[in-house]
Amino acid sequence: MDGKARVKRYSALRIIKEGLSGHKGWQPAWRDATPKPAYDVIVIGGGGHGLATAYYLASIHGIKNVALLEKGWIGGGNSGRNTTIVRSNYSIEGNTAFYEHSLKLWEGLSQELNYNVMFSQRGHLSLFFTPGQRDALARRYNIMRLNGIDGEFLNRDQVQKMVPHLNYSEDSRFPIMGGFLQPRAGTARHDAVNWGYARAASALGVDIIQNCEVTGFIHEGGKIQGVETNRGEIRAEKIGMAVAGSTSLLAKMAGLGKLPIESHKLQAFVSEPIKPFLDTVLVYSAYNGHFYISQSDKGGMVFGGDLDGYNSYAQRGNLPIYTDVAGCAMNVMPALGRVKILRQWAGIMDMSMDGSPFIAKTDIDGLYLNAGWCYGGFKAIPGSGWCFAHTIANDAPHEINSPLTLDRFRQGRQIDESGHGPFPKAH
Amino acid sequence: MLRIECPFCGLRNHNEFTYLEDGSGEMPALDNIDGEAWYEAVFLRDNPRGMHIEDWHHTQGCRMVLRVSRNTLTHQILSVVPSHPDYKEMFSDSAKSANSAPKSAKARLPRPKSAKSKSAKDGRG
């Protein structure tokens, strides 16, 4: 609680006060801590998932003696490399409850963290182009409604009314038939999510330790007892890993052996800033195309497509997907043709064997795993942190994340949303 | 763009190929009823950051499946050989001396006798 008292809340009154006193009273949003020799819990990985885990450990479970270790800077991995889409339009048991729980946490996140994460529920519109796609989306719509998740089915005219500047011409190669909208979905500001969780966790006493790379694990008597890092040995009896992208490397170090995960890279793109142009998240999937786009508050068009398609740990993209995504953009939204692409980058995804994540205990006592987010990890940040904190604090999963085990493949309980089978690049 | 030196067609852009999967493991025999062996072969992956053995299908070339050794961090390709055991044997005989210089291996590769010779010929760059 003493940590909490030191952090002043953000409010309109605070801005006025600071304005009158020359803005000299602002303080850093979180403490850049140096490691202590021992903690109750260590969370490895300072992305959204790790930061949210540390925050919920402190706020819900009262475990405040927590170290969060990040090898670079917080939010520098996939949390800062995504297309910031938040949605819960899933249809398989195991995913539905989890992502809807996460979306509900998003809805109150700015208030809870006292930090504006700029969550904007602008809707998520998946277009369909064939009767087959229509039927598949109708099925998903029905499942979602049965699970109490919002959704609307739109015909072509309704789509045109909502987003008038798409390619609706009759001689279009893939004419738009309609769309499936989740109105509560949207986007959020990725850095703000990381910083908001970091600030709130730090205020509760969590030590956020940057430039601290885990180089080994300390096992004693078959239990995990701590980690070795480039900043010395740090001990704890409970360790949570949230290092999507590098999970296999760290798991091998910890003695978990092979995992049902491959690392693949996914590219994202942002254009030069333009005037307000698109007020929803649009998904295009004509035949084998895959393209999703939204506009950031700064004006840049943020978009992406498929994985590059081969195992990779390199955070840089390759040309074929670049042209593929540009082709999709021109097909559905030809008005984008003169807009310049400003930047393009890639992040390393934990592609699991069924396209669904893991939030689970491992075979090693005291070691917990949060991994396998494929390319849907951003929307899961609050739910993942919430469930992972519960799993660590109680040494048992919550009902919501109980299907997301590492062992589900051995038991034949895959959660294969897209139905592609054990081919990680296809999910 | 990755550039893959197909032993049959020559140096080609990777978007002529379809990436298949990790090629380092072996599937259990079809009459093996040990669930654990199947679980490990089907679902578990080494997922190295470094050299990775993988299969690529030359979909828009000779249509042969190739076994590629590639670094997953730098994307450097060290060797490309046919995946099929018959072709692999033919390759390895002549490739022994070529291991130190994998890029020139293609030139010394004997043409597989039973290969679809027409497509191989057409694809040869």
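Which residue takes a positive phi in the hairpin of strand 9 of chain A and strand 10 of chain A? The model is a predicted one, and in that hairpin the residue is G221(A), with a phi near 60°. Two residues lie between the strands of this hairpin. Strand 9 covers residues 214-220 of chain A and strand 10 covers residues 223-229. The two pair in the antiparallel sense, and six bridges hold the pairing. Within it, F217(A) stands opposite V227(A), which belongs to strand 10 of chain A.

A helix of chain A comes next. Helix 4 of chain A takes in residues 96-107. Its 12 residues should span 16 Å at 1.5 Å a residue, and because the end C-alpha atoms are 17 Å apart, the expected span and the model agree. Helix 4 of chain A is also mostly covered, with nine of its 12 residues buried. Among the buried ones are the aromatic-lettered positions F98(A), Y99(A) and W106(A), and also T96(A), E100(A) and H101(A). S102(A), L103(A) and L105(A) are buried in this helix as well.

Chain B can be read from its N terminus. The order of its elements is β-β-β-α-β-β-β-α-α-α, which comprises four helices and six strands. Of the 125 residues in chain B, 45% are buried. Contacts in chain B between residues at least 6 apart in sequence include 45% that join residues at least 24 apart.

The start of chain B holds another hairpin. Strand 1 of chain B, residues 3-6, runs antiparallel to strand 2 of chain B, and four bridges join them. Three residues lie between these two strands. C6(B) has G10(B), in strand 2 of chain B, as its bridge partner.

After strand 2 of chain B (10-13) comes a loop that leads to strand 3 (18-22), and H14(B) lies in this loop. Is H14(B) buried or exposed? Its relative accessibility is 6%, so H14(B) counts as buried, the cut-off being under 20%. Residues of both chains touch H14(B): from chain A these are Y310(A), N318(A) and P320(A), and from chain B they include M1(B), L2(B), I4(B) and W56(B).

The contacts of H14(B) with chain A lead to the interface. There, 30 residues of chain A are in contact with 26 residues of chain B. About 2,400 Å² is buried between the two chains, and carbon and sulfur atoms give 53% of that area. Y310(A), one of the residues that touch H14(B), is also one of three residues that stand out on the side of chain A: Y310(A), N311(A) and Y313(A) supply 24% of the area that chain A buries against chain B, more than any other three residues.

Polar and charged pairs also cross the interface. The rule finds 15 residue pairs in polar contact between chain A and chain B, both residues being at pLDDT 80 or more. It also finds three salt bridges across the interface. In one salt bridge, the side chains of K252(A) and D46(B) meet at 3.3 Å, N to O. Several elements of chain A each supply at least two residues to the side that touches chain B: helix 9 (247-254), strand 13 (261-271), strand 16 (301-311), helix 10 (319-332) and helix 12 (408-411). Strand 13 of chain A gives the most to that side, with five residues.

Definitions and conventions:
Residues numbered from 1 in each chain as written. Chains lettered and ligands numbered in written order. Predicted model: local features only at pLDDT ≥ 70, side-chain atom pairs only at ≥ 80, totals over all residues. Heavy atoms only, no water. Buried < 20%, exposed > 50% of the residue type's maximum accessible area, 1.4 Å probe, protein only. Contact = heavy atoms within 4.5 Å. Pairing = 2+ DSSP bridges. Expected span 1.5 Å × (residues − 1). Buried area = accessible area lost by both parts, 1.4 Å probe. Salt bridge = Lys/Arg side-chain N within 4 Å of Asp/Glu carboxyl O. Polar contact = N/O pair within 3.5 Å; in protein donor to acceptor, adjacent residues only side chain to side chain. Lists of a residue's contacts leave out its neighbours within four places in sequence.
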